[in-house]
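Here are some exercises to work through with the model open beside you. Try each task before you read its solution.

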Amino acid sequence: MHIEDINLNELFNISMKNPVLQKIFKENKLSKNILNNYQNYSNVENYLKYVDIVCNSNEELDKCLQETKGKKIIISFSLGYFYNSLVDCEHYLGLYKHFSWKRNFIHKNFSPTKFEQDNRKSFLPEYQDVLKATAKILKGGSKKGLMIEISPEVKKDNYFKFLSFRIANSGPNEPLFQKKIIIDNYKSILKMFIESNNNQGNYINQWTIKTCDILFLEDIGDENISIWSRDENLFEILKYRLDNSLLTFVSTNYNKSDLYKIYSSKFDNSKGITKSMSEVRTRKIITYLNQLTDYFEIK
Ligand SMILES: [Zn+2]
């Protein structure tokens, strides 16, 4: 469908007054011609129609003026197209303020209620550099996650629990708002894969782990390491997440050269998995980790 120049100019001019669209146009170096496409035109128009409705977290939900009460429209741009989606508005968030974070966890291995009673300041000062890197991630300034090597002598290592809880509580104006999170140690995750294959009712499978917005993979190197756990799981999970730029956090008690030794030691000539193949796969795993995360040591 061809959109008349007059409409296109008008929509483009209004778009340039909206900070979100302004940013999308600038960052993606778009010209107004991008709107000369029916999907793009209607999604931008639809977004602009509702964007100025103000929602208030102190009001009852029935005061909400959004088309769908409790939901507001947002816009994103990917591979040449604008997309609309709905997120919770302030009315809704105000109503469910105290437990809205719950919906952001697909799966977690801790209870934030109990966790909240812990002393969060116990991370300092060892975590100072990690905290700086974290702040950058929370502001959307880094697409890389963190890999933390925690020496076994460090008693408290619940930093990822703290961080996942913090992300789950992101507000509507934060980049990680309503991102879906999984946090567990790799050993338990593998156990869930086996259970879900046997139909034992656990719904976390490899696809969920691969595709969730944010993954916290704790204690790698402590699982029962096999060719299956390395090549069919860890390798596949990390590769998928790297290919799709999904935020990934990893913790381990081992340094990278130990991890290399641990993972490359598994081979089975009778199954055609030779020692040198194992070494190549392990090198790839380490490379994926390097590309997905910034590395920190906590001693
Ligand atoms: Zn509202």
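**Exercise 1. Describe how helices α11 and α12 cross, and say which residues make the contact.**

Step 1. The crossing of α11 and α12 is right-handed; a crossing is called left-handed if the near helix is turned anticlockwise from the far one by less than a right angle, and right-handed if clockwise. This is a predicted model, in which local features need pLDDT of at least 70, side-chain atom pairs count only at pLDDT 80 or more, and totals for chains, interfaces and linings use all residues. Residues are numbered from 1 along each chain as its sequence is written.

Step 2. Now the geometry: the axes of α11 (residues 256-264) and α12 (residues 275-292) come within 9 Å and cross at roughly 145 degrees. Here the axes are lines fitted to C-alpha atoms, for helices over the stretch in contact, with angles from 0 to 180 degrees between N-to-C directions. Helices (H or I, at least four residues) and strands (E, at least two) are DSSP runs, numbered from the N terminus.

Step 3. From α11 the contact takes K256, L259, Y260, Y263 and S264, and from α12 it takes S278, E279, T282, I285 and I286. Two residues are in contact if their C-beta atoms, placed from the backbone, lie within 7 Å.

Step 4. Sorted by class, this contact has five nonpolar, three polar and two charged residues. Ala, Val, Leu, Ile, Met, Phe, Trp, Tyr, Cys and Pro count as nonpolar, Asp, Glu, Lys and Arg as charged, and the others, Gly among them, as polar.

**Exercise 2. Is G221 buried or exposed, and which residues does G221 touch?**

Step 1. Find G221 in the loop between β6 (214-220) and α10 (227-243).

Step 2. G221 is buried because 20 other C-beta atoms lie within 10 Å. The cut-offs are 20 or more other C-beta atoms within 10 Å for buried, 12 or fewer for exposed, and partly exposed in between.

Step 3. Leaving out residues up to four places away in sequence, G221 touches T252, N253, Y254, L259 and I262. G221 and L259 are 38 residues apart in sequence, yet 6.4 Å apart in space, C-alpha to C-alpha.

**Exercise 3. Which residues touch the most other members of the largest nonpolar core, and which helix gives the most to this core?**

Step 1. This core has 39 residues, and I181 and L215 touch the most other members. A nonpolar core is a set of buried Ala, Val, Leu, Ile, Met, Phe, Trp, Tyr and Cys residues joined through C-beta atoms within 7 Å.

Step 2. Helix α7 (residues 159-168) gives the most, with seven residues. Eight of the 10 residues of α7 are buried, including F160, L163 and I167.

Step 3. Beyond residues up to four places away in sequence, L215 touches I182, I209, R241, L246, T248 and F249.

**Exercise 4. What is the phi of K29 and of Q178, and where do these residues lie?**

Step 1. Most residues other than glycine have a negative phi.

Step 2. K29 has a positive phi of about 50 degrees and sits in the loop between α2 (19-27) and α3 (38-50). K29 is exposed, with 6 other C-beta atoms within 10 Å.

Step 3. For Q178, phi is positive too, near 60 degrees, and its loop runs between α7 and β5 (181-185). Q178 counts as partly exposed, with 19 C-beta neighbours inside 10 Å.
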